[in-house]
Amino acid sequence: SDLTLRTWAKILSSIPQSRLVLKAAGFEDEMTIFLLRRRVHRAGLDLDRIDFLPFAQSVSDHLSQYRFGDIALDPFPNGGCTTTAEALWMGVPVITLKGNSYVSRMSTAVLRGADLNEWVAQNISEYCELAFKQASDLSYLRNNRALWRRQLLSSPLGDSKGLMNELENSFSQMYSLNLN
């Protein structure tokens, strides 16, 4: 959204050495890149500080591209879900803005499921402040990339056995209710 782009412009302008990495399937198309670059420029982002990554041909190539980031900034109002989980898996924490609809709360659900509530902002000002705070200690983020994966694995979100047990119990209860 334009609001997301303006917010990212504010963050980049406040963090001098920062760069923004964007990735999408359409980046192979010259017209798509032209239109996006124009839109990004209108939002106040410095095009010289943006890296446009091409769509990866394999899952491993896709996941390896997370090495280009220290912090993932979730767009809004429609945030990520799979990309949020992927970023955490690859050691990149995600800042998200808690929304008020299903598609705007997916990253919030992933982060809360991973016990990373402190990465969920309640408003745009808090989103920016969280980005400023986290970017002030990049050595911590870079030296602890394995921390986010461990956090994901040790959280309720990473507890696949526990989830399966809960699903089995729920299905059993539904089946029992259906018999009555």
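**Exercise 1. Is Asp115 buried, partly exposed or exposed, and what is its relative accessibility?**

Solution. This is a predicted model, and every value below is computed from it. The first step is to place the residue: Asp115 is found in the loop between α5 and β5. The second step is to compare its accessibility with the cut-offs, where buried means under 20%, exposed means over 50%, and partly exposed is what lies in between. Because its relative accessibility is 40%, Asp115 counts as partly exposed. The third step concerns the backbone, for Asp115 has a positive phi of about 60° although it is not a glycine. As a general background, most residues other than glycine have a negative phi.

**Exercise 2. Find the cis peptide bond between Phe76 and Pro77, and say where Pro77 lies.**

Solution. Begin with the bond itself: the peptide bond that leads from Phe76 to Pro77 is cis, and its omega is near 15°. Then locate the second residue of the pair, since Pro77 belongs to the loop between β3 and α4, the helix of residues 82-89. In general, most peptide bonds are trans.

**Exercise 3. Work out the order of the strands in the open sheet, and explain which strands stand at its edges.**

Solution. The open sheet is formed by three strands, and their order is β3-β4-β5, with parallel pairing. Strands β3 (72-73) and β5 (120-121) each have a single partner strand, so they stand at the edges and one side of each is left without a neighbour in the sheet. To look at one pairing more closely, take β4, residues 94-97, which runs parallel to β5 and is joined to β5 by two bridges. Within that pairing, Leu97 has Ala121 of β5 as its bridge partner. The general rule behind this step is that strands of a sheet pair through backbone hydrogen bonds, either parallel or antiparallel.

**Exercise 4. List the salt bridges, and decide which parts of the chain each one links.**

Solution. A search of the whole structure finds three salt bridges, and they can be taken one after another.

- In the pair of Arg39 and Asp2, the closest N and O atoms are 2.9 Å apart. Arg39 lies in helix α2 (residues 30-42) and Asp2 in helix α1, so this salt bridge ties together parts that are 37 residues apart in sequence. Arg39 counts as partly exposed at 36% relative accessibility, and Asp2 likewise counts as partly exposed, at 41%.
- In the pair of Arg19 and Asp51, the side chains meet at 2.8 Å, N to O. Arg19 sits in the loop between α1 and β1 (20-23), while Asp51 sits in strand β2 (residues 50-53), so that the link spans 32 residues of the chain. Asp51 is partly exposed, with a relative accessible area of 28%, and Arg19 is partly exposed at 43%.
- In the pair of Asp70 and Arg142, the side chains also meet at 2.8 Å, N to O. Asp70 lies in the loop between α3 (59-64) and β3, whereas Arg142 lies in helix α7 (residues 138-143), and the two are 72 residues apart. Arg142 is partly exposed, with a relative accessible area of 47%.

**Exercise 5. Describe the largest pocket and the largest cavity by their volumes and the residues that line them.**

Solution. For the pocket, start with the volume, which is about 1,400 Å³. Of the 46 residues that line this pocket, Leu20, Val21, Leu22, Ala72 and Leu73 are the closest to its centre. Helix α1 (residues 2-14) gives the most to the pocket lining, namely five residues.

For the cavity, note that the structure holds one cavity of 30 Å³ or more, and that the space in the largest cavity is about 30 Å³. Its lining includes Asp74, Phe76, Thr96 and Leu97. At least two lining residues come from each of β4 and α5 (106-113), and α5 gives the most to this lining, with three residues.

**Exercise 6. Name the residues of the nonpolar surface patch, and place Leu167 in its helix.**

Solution. The patch covers about 510 Å² and is made by Leu163, Met164, Leu167, Phe171 and Met174. Among them, Leu167 is found in helix α9, which runs over residues 160-179, and at 35% relative accessibility Leu167 counts as partly exposed.

Key:
Residues are numbered from 1 along each chain as its sequence is written. This is a predicted model: local features need pLDDT of at least 70, side-chain atom pairs count only at pLDDT 80 or more; totals for chains, interfaces and linings use all residues. Side-chain values use heavy atoms; hydrogens and water are left out. Two strands pair if DSSP finds at least two bridges between them. Helices (H or I, at least four residues) and strands (E, at least two) are DSSP runs, numbered from the N terminus. Patches are made of residues with over 30% relative accessible area and no salt bridge: like charges are joined within 9 Å, nonpolar side chains (Val, Leu, Ile, Met, Phe, Trp, Tyr) within 5 Å. Accessible areas come from the Shrake-Rupley method with a 1.4 Å probe; for residues, only the protein chains shown count as cover. A salt bridge is a side-chain nitrogen of Lys or Arg within 4 Å of a carboxyl oxygen of Asp or Glu. Buried means under 20% relative accessible area, exposed over 50%, partly exposed in between (1.4 Å probe, protein chains only). On a 1 Å grid over the protein atoms alone, a cavity is a set of points where a 1.4 Å probe fits but cannot get out, and a pocket is an open set with protein on both sides within 12 Å along at least five of seven lines; lining residues have an atom within 4 Å of a point. Grid points are joined across faces, edges and corners, and a volume is the space filled by probe spheres set on the points.
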